[in-house]
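Trainee: Please take one part of this model, the aromatic rings and the framework that carries them, and describe it closely.

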Amino acid sequence: MGNGCQRIYFAMQFSFIMSVFISENVDYGEAVRSRAADRLGLDNSPSQSHLTNMRRVAERVFEPLRREVSKGPLAVTSFYRSVVVNRAVGGSASSQHTRGEAMDIDADVYGGCTNRELFDYVRGHLEFDQLIWEFGDDRSPDWIHVSLKARDNRHQVLRSVRRGGKTCYLPL
């Protein structure tokens with residue numbers, strides 16, 4: 001294949017991938033988007049098993065939040081991160097983002113609801129493994145982190161705080 005044909009083939013593949021939706025309102029592009037991966041030239045492509053996990057989180061966490069709480073768009077600020085990307089951004093070695101089991105959501109971007117409303121809804125109505133009130137103040141987190149496994153979910157509820165320049169997770 002000539003160089004021009006390779007570029008066209010790649011563009012067609014890229015276009016197809018970008019039009020694939022993980023769930024009704026989460027597209028592949030936003031699910032794997034990483035400025036760090038782009039800046040550093042790192043691969044952030046999920047495997048088929050990661051995509052299966054991502055669909056579970058999107059369908060059982062994100063979509064109910066969008067439908068029942070925000071009634072409109074929500075910002076996915078972090079979803080899948082490859083191990084290499086996760087290491088580059090300083091993520092936890094055991095991060096569920098690397099398995100496609102965790103999603104960070106920020107309601108403040110579009111303003112249809114608050115991050116606290118999202119947090120309270122997940123805590124009271126949805127199945128989850130981990131729910132984290134990410135920084136913020138006593139009124140509302142800056143964003144929420146929610147993870148969901150196929151089974152054996154812990155229902156762990158935490159709050160992240162900075163102490164001495166480090167992030168600590170406290171039970172709520």
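Mentor: A residue is called buried under 20% relative accessible area, exposed over 50%, and partly exposed in between (1.4 Å probe, protein chains only). The model is a predicted one, in which local features need pLDDT of at least 70 and side-chain atom pairs count only at pLDDT 80 or more, while totals for chains, interfaces and linings use all residues. Residues are numbered from 1 along each chain as its sequence is written, and side-chain values use heavy atoms, with hydrogens and water left out.

Arg35 has a relative accessible area of 74% and is therefore exposed. Arg35 belongs to helix 3 (residues 35-40); helices (H or I, at least four residues) and strands (E, at least two) are DSSP runs numbered from the N terminus.

The framework is an open sheet of 6 strands, ordered 1-2-4-3-5-6 with mixed pairing; two strands pair if DSSP finds at least two bridges between them. Strand 1 (75-78) and strand 6 (166-171) stand at the edges with a single partner strand each, so one side of each has no neighbour in the sheet. From one strand to the next, the twist averages 30°, where axes are lines fitted to C-alpha atoms (for helices over the stretch in contact) and angles run from 0 to 180 degrees between N-to-C directions. Strand 2 (residues 102-106) pairs with strand 4 (residues 143-147) in the antiparallel sense over 4 bridges, and Ile105 stands opposite Ile144 in strand 4. Helix 4 (residues 48-70) packs on the sheet, touching strand 1, strand 2 and strand 4, and its direction makes about 15° with that of strand 2; contact means heavy atoms within 4.5 Å.

Now to the rings. Rings of Phe, Tyr and Trp (its six-membered ring) pair if their centres lie within 6.5 Å; planes under 30 degrees apart are stacked, over 60 edge-to-face, and the rest tilted. This rule gives 2 aromatic pairs. Phe119 and Trp133 form an edge-to-face pair, 5.1 Å centre to centre with 80° between the planes. That pair links distant parts of the chain, 14 residues apart: Phe119 in helix 6 (residues 115-125) and Trp133 in strand 3 (residues 130-134). Phe119 counts as buried because its relative accessibility is 1%, and Trp133 is buried at 5%.

Phe135 and Trp143 form a tilted pair, 5.8 Å centre to centre with 55° between the planes. Phe135 is buried because its relative accessible area is 10%, whereas Trp143, at 24%, is partly exposed. The charged end of Arg162 sits over the ring of Phe135, 3.8 Å from its centre; this requires NZ of Lys or CZ of Arg within 6 Å of the ring centre and within 35 degrees of the ring normal.
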